[in-house]
Amino acid sequence: MLNKVKCEEVDALTTRAISGNATAQDEESLREHLSLCTACAQRDARIRKLWNLMGELPPVTLSLEKARTTLSRVSPQALPRRRGLWAVGAAAAAMLVVTSVILLTLPSSQNPAPPTGAVTPAPAGEPQKAEVVQIDETEKTRVDQILTDATPEPQPVQVAPERREPAPDVVKPAPEPKPEPVPAVAQKPPAPADKTAPLASETKPEPAKAPDAAPEPARPTLPTVAVLDRVEGAVLLVASDARVAAKSGQEIAWEQGVEVVGLGSQAVVEYVDGTRLALGADTQVLQLTERKAGTGKRVHMSRGVLAAQVAKQPATETMVFTTPHAEARIMGTRFTLSVTGTTTRIDVKEGRVRFVRKDDGAAVEVGPNQYAVSGKGIALAPKTVAGPRVALKEQFERPNLKWGPGWVQGTDAGSGLRFANENGALSLRVPQKPASQPAPAEARSKGLVDVSRKLVSKGDWVRSIWIETKQTFALSNEAPLRIRARLWQSHSDDKRISWVALNRTVAGQSLLLERRGSLLQLWAEGNNAPLWQKEVPATQEWETLELWVTKDQLAVRRNDLTLHVGAFPFGGKSKAVQISLGGSANLELPQEEEARFDDVEAAWLSRADFEDVIK
Amino acid sequence: MLRVKAGDPQAFTEIFHEFQPGVMNYVYRLSGGNGALAEDIAQQVFLNFWLHRNEYDLEKPLTPLLLTMARNAWVNAAKRESLRKSPPPLESIRAAEQQVDRQLEHRELETAVEKALASLDEPVREVFVLSRYHGLKYSQIAEMLGISIKTVEARLSRGLQDLERHLKDFL
């Protein structure tokens, strides 16, 4: 008999529950009270919401310099070099001692080596590609796609053959021999509505089946938990004593598992409440739920890739996913779990998940667009999924030349050059002659040094106009800075240049990407000739120019093609850059001319993006 | 752990990387947002841990140990500088790369949450932080802080109440 819980005690019980301090008795008492008392149920939900909300904190970590000094005081060699340490860690897999580990019995013979010494780099939120997780990114995307392709409104599950047909984007690699009792799967083209076809040749011990009937491998008395859907390739229902081929529409009972075999196979499991799990290649999910009703669904996943869309669960019935390395507690979210022999990675799309490492019970909350990895020797911390961090985006849509407080505008007095804000772009008008004859000395504004002047020995560029960011953008090797702008020219004229520049007003550090007539050139201060140039005519057409910069490298791209890769000449000096764009012209031009700029953007991308670009 | 005892620097590196965020976050929250202090203390804690590693029972979980060390360091530092009276203005530590985009990535909710947390009374905040962000059980917290489990529970409840007041607009 449960103790009757009074309303005053509910707060304490809820607090225990959410902080992981509740006993089974506590949980039961709480659940019972909440099912009877609406006011308390609301209060409980509110507290839980608050608890989750408190996870919205920016994580804070030691600055790289501090980390370096700390480590170097212990060992001069133990520096937080990122890539280097990854390599060391993986190689050192066999050498480490550790805490208890749940070992897998996997066909993919993982020797039960103790944890690797893999380490994570310092800055929080930095995107790290899956160096440790061997699961293909494409597989994850495919499985998530299976979920998105046909996400119906949550409705009571029917064993109905006429489901919406998938448009699977399944990859078709060659079939692979599997070291398992199930024979190799021949790849099939995307299966149409006919459910028997994919299975006919795939599994062995198969009695002939009627198209829609569910075969019963010894479970007639257990209630149905979920239904299979969108089955393709070889999918098995696994019970304690048998593995049987399964197909769409088949019901899954308590304590049955699902196994997806072979590349290109898939299955979707749909629960009564609309929760859906998409299982990808070589994925095994056992124990789809727990024995007792009312305690939340439990799914144990031993390997593979799974994408889930979890319907809102009752507050006391958190859905729990377990893998050999981790446990994830879900309350209505969308996420993907990838399990290898040694690690489990969770990528959360929507909602929040409490992700617990089995080894030591360490837990983190993983929020939208974040991921975390549980594995030996890997720091358990949510990281933001890589995507460009856009720091500057200017589309020149504000009227009357108001660029906002972030920009500084300047021009040489009497140059006659002017900006106009037309048709959503920055238009640079260059009249044939300057308004007055500017004397080179006074043409310089207020102590700012115009490098473009210095670069060309003739000193013809007496007329310039520009806008420059006040903000500086940091350079780093791990997060390359990509500066992008679209450019348009009315005429091809080598007496005029349009440019995108870095640190134009910082002595000794300017870099300019210029279009001069039909030439694109890269100039760096202190050089009498361009670092690089290429003949690329572009008159009366928009071109997209990109300058990618890290601490020691740079790349120039045009219309999504890399044209030049080289060393960033100011690697040692420049820690951050200001961005400017503008134009310069000779004293006289043959005609009135115009240049336009639009869609100026500065963003930090990932190292992997940069490496793709410089290949 | 054997390697730690043996003085293997590689082991230190691993421990450092794994626990450093936790310690940093803890001191940062404890101090109500003092980034510079958090960095100094974190550095101190790891070096001390390393120097005295043979004196600790390394079979027990490291988190409460490191956090206790951090807490003691914080208490000492705060005493010296009378920092405990009023929490310093919130700063945010990021790696150098991210500092520049602070103004652009302003998130109303994050700030509100940070402020709400910093506004808690110190004893309450401490307990909340240990439970919410480090996943410590009541018994572990009680042992760390030298208080009873009942007190831990009471403070946590009180923390939630105070936070609820502060963040009611978001609930």
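The exercises below, each with a worked solution, concern a predicted model.

**Exercise 1. Determine how helix H3 of chain A and helix H9 of chain B are oriented to each other, and which residues make their contact.**

Step 1. Locate the helices: H3 covers residues 38–53 of chain A, and H9 covers residues 149–166 of chain B.

Step 2. Read the geometry. The two axes come within 10 Å and cross at roughly 85 degrees.

Step 3. Classify the angle. Values from 65 to 115 degrees count as roughly perpendicular, and H3(A) and H9(B) are therefore roughly perpendicular to each other.

Step 4. List the residues. H3(A) contributes A:Arg43, A:Arg46, A:Ile47, A:Leu50 and A:Trp51. From H9(B) come B:Leu156, B:Leu160, B:Leu163 and B:Glu164.

Step 5. Sort them by type: six are nonpolar, three are charged and none is polar.

**Exercise 2. Describe the open sheet of seven strands in chain A and find its edges.**

Step 1. Write down the strand order, which is S17-S20-S31-S23-S24-S25-S26, with antiparallel pairing.

Step 2. Find the edges. S17 (407–411) and S26 (532–535) each have a single partner strand, so one side of each is left without a neighbour in the sheet.

Step 3. Consider the turn between neighbours. On average, and with direction ignored, neighbouring strands are turned by 15 degrees against each other.

Step 4. Look at one pair in detail. S24 (residues 511–516) and S25 (residues 519–524) of chain A are joined antiparallel over six bridges. In this pair, A:Leu511 has A:Ala524 of S25(A) as its bridge partner.

**Exercise 3. Decide whether strand S14 of chain A is enclosed or open, and name its partner strands.**

Step 1. Count buried residues. In S14 (residues 370–375), six of the six residues are buried, so the strand is largely enclosed by the rest of the structure.

Step 2. Check each face. One side carries A:Gln370, A:Ala372 and A:Ser374, the other A:Tyr371, A:Val373 and A:Gly375, and both faces are covered.

Step 3. Identify the partners. Strand S11 (residues 343–350) of chain A pairs with S14(A) in the antiparallel sense over six bridges; here A:Ile346 is matched with A:Ala372. Strand S15 (residues 383–384) of chain A also runs antiparallel to S14(A), joined by two bridges. There, A:Gln370 has A:Thr384 as its bridge partner.

**Exercise 4. Characterise the surroundings of A:Arg357.**

Step 1. Place the residue: A:Arg357 is in strand S12 (residues 353–357) of chain A.

Step 2. Judge its exposure. Buried means under 20% relative accessible area; A:Arg357 has 6% and is therefore buried.

Step 3. Name contacts, leaving out residues up to four places away in sequence. Among them are A:His325, A:Ser374, A:Ile378 and B:Glu18.

Step 4. Compare sequence with space. A:Ala328 is 29 residues from A:Arg357 in sequence, while their C-alpha atoms are 8.7 Å apart.

**Exercise 5. Summarise chain B and the nonpolar cores.**

Step 1. Count elements: chain B has nine helices and zero strands.

Step 2. Note the burial. Of its 171 residues, 53% count as buried.

Step 3. Turn to the largest nonpolar core, which has 59 residues. The members touching the most other members are B:Tyr26, B:Ile41, B:Leu66 and B:Phe128.

Step 4. Examine one of these. Beyond four places in sequence, the residues touched by B:Tyr26 include B:Leu67, B:Ala70, B:Val129 and B:Met144.

Step 5. Add the separate core of 45 residues, which includes A:Leu511, A:Phe570, A:Leu589 and A:Trp604.

Notes. Residues numbered from 1 in each chain as written. Chains lettered and ligands numbered in written order. Predicted model: local features only at pLDDT ≥ 70, side-chain atom pairs only at ≥ 80, totals over all residues. Heavy atoms only, no water. Axes fitted to C-alpha atoms, helices over the stretch in contact; angles between N-to-C directions. Helix = DSSP H or I, 4+ residues; strand = E, 2+ residues; numbered from the N terminus. Parallel < 35°, antiparallel > 145°, perpendicular 65-115°, else oblique. Contact = heavy atoms within 4.5 Å. Nonpolar A, V, L, I, M, F, W, Y, C, P; charged D, E, K, R; others polar. Pairing = 2+ DSSP bridges. Core = buried A, V, L, I, M, F, W, Y, C linked by side-chain atoms within 4.5 Å. Buried < 20%, exposed > 50% of the residue type's maximum accessible area, 1.4 Å probe, protein only.
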